[in-house]
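Dear colleague,

I am passing on the structure we spoke about, and below it I set out what was found. Please read the notes with the structure open beside them.

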Amino acid sequence: QVQLVESGGGLVQAGGSLRLSCSASGRIFSINDMGWYRQAPGKQRELVAGITRGGTMDYADSVKDRFTISRNSAQNTVYLQMNKLKPEDTAVYYCNADILAYGVKGTHWGQGTQVTVSS
């Protein structure tokens, strides 16, 4: 069974930084796109940043120049470095990956990690 496990969330003051990590485990053959989404209370889940297998990155306008996504394909891990955090970044952050495992291709989600930015 494929699992995505996130870590690195927490409470930080505005202007601070956090680094999220997400590791995929299981009998994984390959991972294509990976990304980070977030969902604030009362709002829809939104894409924060994505990275393709080839390393092409994409960001939501609201986080450009503050957040950086990266991946270590050898370790099936994706990271999100978040700098200059703002209170409006407060949300549950979810890792997402398109994974081929056990002969089946599917989209997998992590359990979510809370990020809270105080003003």
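A residue is called exposed here when its relative accessible area is over 50%, buried when that value is under 20%, and partly exposed in between. Asp 65 has a relative accessible area of 78%, and it therefore counts as exposed. Please keep in mind throughout that this is a predicted model.

To begin with the overall picture, the protein contains eleven strands and zero helices, so that reading from the N terminus one meets β-β-β-β-β-β-β-β-β-β-β. The radius of gyration is 14 Å, which agrees with the value near 14 Å that a compact globule of 119 residues would have. Taken along the principal axes, the box filled by the C-alpha atoms is roughly 45 × 25 × 25 Å. Of the 119 residues, 41% count as buried, and the accessible surface comes to about 6500 Å², with 47% of it belonging to carbon and sulfur atoms. Among the contacts with a separation of 6 or more, 56% are made by residues 24 or more positions apart. As for charge, there are 12 positive and 9 negative side chains, and the centres of these two sets lie 5 Å apart.

The residue on which I would dwell is Arg 38, which lies in strand β4, residues 28-39. Its relative accessible area is 6%, and because this is under the 20% cut-off, Arg 38 is buried. The side chain of Arg 38 makes a polar contact of 2.7 Å with the side chain of Glu 46, and a further polar contact, of 3.4 Å, joins the side chains of Arg 38 and Ser 62. Not counting residues up to four places away in sequence, Arg 38 also touches a number of others, including Val 48, Phe 67, Asp 89 and Tyr 93.

Leu 20, in strand β3 (residues 18-25), is likewise buried, since its relative accessibility is 0%. Leaving aside neighbours within four places in sequence, Leu 20 is in contact with residues that include Ser 7, Trp 36, Val 78, Leu 80, Tyr 93 and Val 115. Tyr 93 thus appears among the contacts of Arg 38 and also among those of Leu 20. Leu 20 and Ser 73, by comparison, are 53 residues apart in sequence and 16 Å apart in space, from C-alpha to C-alpha.

Gln 3 belongs to strand β1, residues 3-7, and is partly exposed, with a relative accessible area of 47%. Beyond the residues up to four places away in sequence, Gln 3 touches Ser 23, Ala 24 and Ser 25; the C-alpha atoms of Gln 3 and Ser 25 are 5.3 Å apart, although the two residues are separated by 22 residues in sequence.

Lastly, two backbone values may deserve your attention. Asp 65, the exposed residue with which these notes opened, is found in the loop between β6 (57-59) and β7 (67-72), and has a positive phi of about 75° although it is not a glycine. Lys 84, in the loop between β8 (77-82) and β9 (91-101), also has a positive phi, near 50°, in a residue other than glycine. Lys 84 has a relative accessible area of 55%, which means that it counts as exposed.

With best wishes

Conventions
Residues are numbered from 1 along each chain as its sequence is written. This is a predicted model: local features need pLDDT of at least 70, side-chain atom pairs count only at pLDDT 80 or more; totals for chains, interfaces and linings use all residues. Side-chain values use heavy atoms; hydrogens and water are left out. Helices (H or I, at least four residues) and strands (E, at least two) are DSSP runs, numbered from the N terminus. Buried means under 20% relative accessible area, exposed over 50%, partly exposed in between (1.4 Å probe, protein chains only). A polar contact is a pair of N or O atoms within 3.5 Å; within protein, one must be able to donate a hydrogen and the other to accept it, and residues adjacent in sequence count only if both atoms are side-chain atoms. Contact means heavy atoms within 4.5 Å. The radius of gyration is taken over C-alpha atoms; the globule rule is 2.2 Å times the number of residues to the power 0.38. Accessible areas come from the Shrake-Rupley method with a 1.4 Å probe; for residues, only the protein chains shown count as cover. Lys and Arg count as positive and Asp and Glu as negative; His and the chain ends are not counted. The place of a charge is taken as NZ of Lys, CZ of Arg, CG of Asp or CD of Glu.
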